[in-house]
Amino acid sequence: MKRSLLRRVWRCWLRAPLGIVLILLPQRLCAQARPFPGTNFETIYQALLQKIDGIPIFDDHAHPGFSDDPNVDAMTSPPGSSPLRLRETNPEFLQAARALFHYPYSDFSPAHEVWLLRQTADRPGIGYWDHILDQCGIETSLANRVDMPGYLDPKRFRWVFFVDSFLFPFNNKNFINRNPDEAVYIPLQEKMLRRYLRQAALDRLPDTFRNYLAFINHILEQNKSRGGIAMKFEIAYFRSLNFSDPPRAAAAAIYARYGHGGLPSPAEYKTFQDYVFRYLIRQGSRLHLPVNIHTAAVGGDYFSLQKSNVLNLENILRDPRYLHTTFVLLHGGYPYDRKAIWLTAMRNVYLDSSEIELLLYPSEFARILKQWLEIYPDKVMFGSDAYPYSKIIGAEEGYWLGVRSARQSLAWALAEMVADHEITEVAALKMAHSYFHDTAARLYSPTREGERSR
Ligand SMILES: [Zn+2]
């Protein structure tokens, strides 16, 4: 009985003119998402872009500083290939120089670049860098640096300090000999550890593992009291992001054996590092220092895609013991960005898009943003990864290009979502504010620290 009634209704619908069928469709159905954009995409894009341009930015990840400042990073530009968009031949850097400095030339020939270098020859101070942020629409920028120089305004630039060197206290010959990239990087980590020892008034490694951990704590607390608001790992440059869970006694025994000489085997070194890494992230919870981790396959020709794959962190990120540590996956796990977003299901895990919007052009970056926003829009943050790549491509140009690219890409991604009836324009603007400002501002705010400790 029911079946024949259904058949009759169906036949009736088939005979009815299309217009009548559409009128009879419930209103809500028309508001459902659809797989093709509406004809008004361009109008929506322009309207959104205009509003997005006015959002003050919180930059989750950058390395501000002059190109000859040795403390701008614990690492350095890796030797090796440079992706197309980051080459000095990219005309967008000319646009950046024109927009920021009124650069009067149409190339970076040696004769012309002198003009650009002259702009910073007398090491301008706080006003110069504040003005760069103002020109780019950035309210606050995190500064991933060895230390904070006098020329950065502490009200606008907040310090993120490096902690990888605590994982390299022994003879590092096996790392250094592995490939030309490590030969550049490892001595910089050793230098960083010597710097921390000096900071703690130590002239050599502490005698016992217990005292070594106390030394680590001392530096973390000291750096926090000096304005540090997060700790940063660049460990993906050196080894797998998979950290096993060895007992403290195993790490202590390795420290006792090699703390003052001898060459640990790769397996012994890994066990030691696995313990110290986990120790550091526990301190991140105790001291309310979010843990920022480099998760992108970029940095020298020998960078291991497999080892640095962000999914290797899954056992850490989904471990309930670390729920009170806040993790930020820098560079969104690129090129595993589609997978990385699912890790942010955990309430304490976030990711940022730093570096991706510099590597990829807006048409491709918009696709990544769109997918992230369609899954966990409140866990995604903007970061520029501005860095003094060379004398010509300074952190200044990096800020400018990162912001400009991200604004266009975000407007593009959101306009598609609005045109496809996935979200309203109001919801789109809320997402834009979260991405460019609100999520990061909340994550690093001192009041949140109070919330978490309750
Ligand atoms: Zn960076």
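The following legends describe an overview and several close-up views of a predicted model.

Local features are reported where pLDDT is at least 70, side-chain atom pairs count only at pLDDT 80 or more, and totals for chains, interfaces and linings use all residues. Residues are numbered from 1 along each chain as its sequence is written, and side-chain values use heavy atoms, with hydrogens and water left out.

**Figure 1. Overview of the chain, its extent and its secondary structure.** The C-alpha trace spans about 90 × 65 × 45 Å along its principal axes. The chain comprises 20 helices and eight strands; these are DSSP runs numbered from the N terminus, helices being H or I over at least four residues and strands E over at least two. Of the 454 residues, 53% count as buried, where buried means under 20% relative accessible area, exposed over 50% and partly exposed in between, with a 1.4 Å probe and protein chains only. Among contacts (heavy atoms within 4.5 Å) between residues at least 6 apart in sequence, 77% join residues at least 24 apart. The accessible surface comes to about 20600 Å², of which 56% belongs to carbon and sulfur atoms; accessible areas come from the Shrake-Rupley method with a 1.4 Å probe, and for residues only the protein chains shown count as cover. There are 53 positive and 48 negative side chains, and the centres of the two sets lie 9 Å apart. Lys and Arg count as positive and Asp and Glu as negative, while His and the chain ends are not counted; each charge is placed at NZ of Lys, CZ of Arg, CG of Asp or CD of Glu.

**Figure 2. Confidence of the model and the segments with pLDDT under 50.** The chain averages a pLDDT of 91, and 90% of the residues score at least 70; pLDDT is the predictor's confidence in each residue, from 0 to 100. Over residues 1-6 pLDDT stays under 50, and the model has zero contacts beyond four places in sequence for them. Residues 12-30 also have pLDDT under 50, with four contacts beyond four places in sequence. Where pLDDT is low, the predicted coordinates should not be read in detail.

**Figure 3. The zinc ion and its protein donors.** His61 (NE2), His63 (NE2) and Asp385 (OD) are the protein donors, lying 2.1 to 2.3 Å from the zinc ion. Donors are N, O and S atoms within 2.8 Å of the metal (3.2 Å for Na, K and Ca); water is not among the atoms, so sites may look incomplete. Along the chain the donors follow the spacing H-x1-H-x321-D. His61 is buried, with a relative accessible area of 1%, and His63 is buried at 4%. Asp385 is found in the loop between strand 8 (380-381) and helix 18 (395-419). Asp385 is buried as well, with a relative accessible area of 5%, and has a positive phi of about 60 degrees although it is not a glycine.

**Figure 4. Backbone geometry in two further loops.** A cis peptide bond, with omega about 5 degrees, joins Tyr334 and Pro335. Pro335 belongs to the loop between strand 6 (327-330) and helix 15 (337-343). Glu355, in the loop between strand 7 (349-352) and helix 16 (356-359), has a positive phi near 80 degrees while being a residue other than glycine. Glu355 is buried, with a relative accessible area of 8%.

**Figure 5. Helix 7 and the elements it packs against.** In helix 7 (residues 126-136), the buried residues are Tyr128, Trp129, Asp130, Ile132, Leu133 and Cys136. These buried residues pack against strand 1 (57-59), helix 5 (91-101), strand 2 (138-144), strand 3 (157-162) and helix 18. Just after helix 7, Gly137 takes a positive phi of about 75 degrees.

**Figure 6. Surroundings of Ser308 in helix 13.** Ser308 lies in helix 13 (residues 305-308) and counts as buried at 3% relative accessibility. Not counting residues up to four places away in sequence, Ser308 touches Ala236, Leu241, Ala297 and Phe303. The C-alpha atoms of Ser308 and Ala236 are separated by 5.1 Å, although the two residues are 72 residues apart along the chain.

**Figure 7. Surroundings of Ser409 in helix 18.** Ser409 is located in helix 18 and is buried, with a relative accessible area of 0%. Beyond residues up to four places away in sequence, Ser409 touches Pro362, Phe365, Ala366 and Leu369. Leu369 and Ser409 are 40 residues apart in sequence and 7.6 Å apart in space, C-alpha to C-alpha.
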